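Here are my notes on the model you sent, set out as numbered points so that you can follow each one on the structure itself.

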Amino acid sequence: MPTIRAVHAFHCGLFRAPGLLFTRGGGLATEFVPVLCFGLEADEGWVLVDGGFGSAGVSGLGRVRSFAFGRLGRLAFRPSWGAAARLRALRGEKPLLAAVVTHLDIDHAGGLREAAPPRVFLSAEEWEEAKAPAWLEARVGRYQPLDYLDLPMRPVDTTAREARDISPLFAAADLFGDGSVRLVLLAGHSAGHAGVLVRLADGSRVLLCGDAAFSADVVTGAAQPGLFPRAVAYDRTRMFETLERLRSFARLHPDVPVVPSHDPLVGARAADGPAVIARAKAPGAPAAAPGPQPPAPSPAPGPLPLPLARSPIAPPPVPAAAPAPATTGSGRLATPSDEAPEPT
Ligand SMILES: [Zn+2]
């Protein structure tokens, strides 16, 4: 339990910011940077990975955070994009088994309460840090305790000896005891930041790496973290150590897509609604051909070829009168700010 058939990605809002904010060497052209959540579709029900924003978006978060997200980040948001609404549309009447959070930043925990999971897994390190909210509020204000303090939180020790079972590169905990969902400590962005390693029913795997990298080209090493990830890192040295291990993992396991929570190309893929980024092959289906897979045309459903090269994914839809989206020198999708949906 659970037998996972597919991994769905959906966004709970789109930041519009210059590329250089997220990627060193990125340009001044505006990028859509999604706030992604993931739904793990299993025979027994669904598992939510990260809570994105709730239906209120960033309103009610206080002046500083509202300014940072709503004004500086120029967040485009609609109540129907809230994590709970998105997930409910996906899962229908199937039960929500649990939520797993990579960390408790407000763009990853804001929708947890509305989703009402029966339990919320997170790393013990993250929980130790976040449950002292008064100190945190005073220091950085990155957490919003009302998002999580009275939820059924299940902090997990990712450093126990018996949990070191996926790779010498990582400490991890097996959340359901069957290897289907593992919490992988990827600390640095926050005190106990973690990734989620998903094993689907056919044995294929996906690593949802949260904010350990902000885009797939940072995972591959083609790009470096920009101003924002460096500025908000809880421990910058540890953030870069984690990134190096993540890159080693990607090299050692090229068959395992590594998917960041703010990847612009996955966001573009999910611009019109949830997108399937991995699906287990049906029993008896032929094995995939070895070697790199060709890019899938968007928005066709099916596995998304990752790590992603920038370019073949369609940009978010634009009004008919708007000029065609441009591509920056780095190959990132660039879209003028007036092409984004109106924030609420
Ligand atoms: Zn984030």
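**Notes on the fold**

1. Of the 344 residues of the protein chain, 48% count as buried. Please keep in mind throughout that this is a predicted model. The chain holds 10 helices and 16 strands, and among its contacts between residues at least 6 apart in sequence, 70% join residues at least 24 apart.

2. One open sheet has seven strands, in the order β7-β6-β5-β4-β3-β1-β14, and its pairing is mixed. Its edge strands, each of which pairs on one side only, are β7 (153–156) and β14 (275–279). On average, and with direction ignored, neighbouring strands of this sheet are turned by 25° against each other. Helix α2 (residues 83–91) packs on the sheet, where it touches β1, β3, β4 and β5 (96–100), and its direction makes about 45° with that of β3.

3. How many of the residues of strand β3 are buried? For this strand, residues 30–42, the count is 13 of the 13, so β3 is largely enclosed by the rest of the structure. The burial holds for both of its sides: T30, F32, P34, L36, F38, L40 and A42 point one way, while E31, V33, V35, C37, G39 and E41 point the other way, and all are buried. The reader may wish to note that the second group includes the acidic residues E31 and E41.

4. The neighbours of β3 in the sheet can be followed through its bridges. With strand β1 (residues 4–18) it pairs in the antiparallel sense over 12 bridges, and P18 stands opposite T30 in β3. With strand β4 (residues 45–49), β3 also runs antiparallel, the two being joined by five bridges. A hairpin of two residues makes the connection from β3 to β4, and in β4 the bridge partner of A42 is G45, while that of E41 is W46.

5. The largest nonpolar core has 91 residues, and those with the most contacts inside it are L40, V47, V100, L183, V198, C209 and L246. Strand β1 gives the most to this core, with nine residues. As a general background, nonpolar side chains in soluble globular proteins tend to be buried together. To look at one of these core residues in detail, V47 touches P2, L40, A42, L97, A98, V100 and V181, when residues up to four places away in sequence are not counted.

6. A second open sheet has five strands, in the order β8-β9-β10-β11-β13, again with mixed pairing. Here the edge strands are β8 (172–174) and β13, each pairing on one side only, and neighbouring strands are turned by 25° against each other on average, direction ignored. Strands β11 and β13 pair in the parallel sense over three bridges, and the bridge partner of L207 in β13 is V258.

7. Helix α9 (residues 236–252) has 17 residues and reaches 24 Å from its first C-alpha to its last, which is close to the 24 Å expected at 1.5 Å a residue. Its buried residues are M239, T242, L243, L246, F249 and A250. Why do they lie on the same side of α9? They cover an arc of only 120° around the axis, and this puts them on the same side of the helix. The face turned away from the buried side carries the exposed residues T237, E244, R251 and L252. What covers the buried residues of α9 includes β11 (205–210), α7 (216–220) and β13 (258–260).

8. A last point concerns L175, which is found in the loop between β8 and β9 (181–185). Is this loop residue buried or exposed? L175 has 21 other C-beta atoms within 10 Å, and because 20 or more are needed for a residue to count as buried, L175 is buried. Leaving aside its neighbours within four places in sequence, L175 is in contact with V100, F121, V156, V181, R182 and L183. Of these contacts, F121 is 54 residues from L175 in sequence, yet the two are 7.8 Å apart in space, C-alpha to C-alpha.

Methods:
Residues are numbered from 1 along each chain as its sequence is written. This is a predicted model: local features need pLDDT of at least 70, side-chain atom pairs count only at pLDDT 80 or more; totals for chains, interfaces and linings use all residues. Helices (H or I, at least four residues) and strands (E, at least two) are DSSP runs, numbered from the N terminus. The expected span of a helix is 1.5 Å times one less than its number of residues. A residue is buried if 20 or more other C-beta atoms lie within 10 Å of its own, exposed if 12 or fewer, and partly exposed in between; C-beta atoms are placed from the backbone. The arc is that of the directions from the helix axis to the C-beta atoms. Two residues are in contact if their C-beta atoms, placed from the backbone, lie within 7 Å. Two strands pair if DSSP finds at least two bridges between them. Axes are lines fitted to C-alpha atoms, for helices over the stretch in contact, and angles run from 0 to 180 degrees between N-to-C directions. A nonpolar core is a set of buried Ala, Val, Leu, Ile, Met, Phe, Trp, Tyr and Cys residues joined through C-beta atoms within 7 Å.
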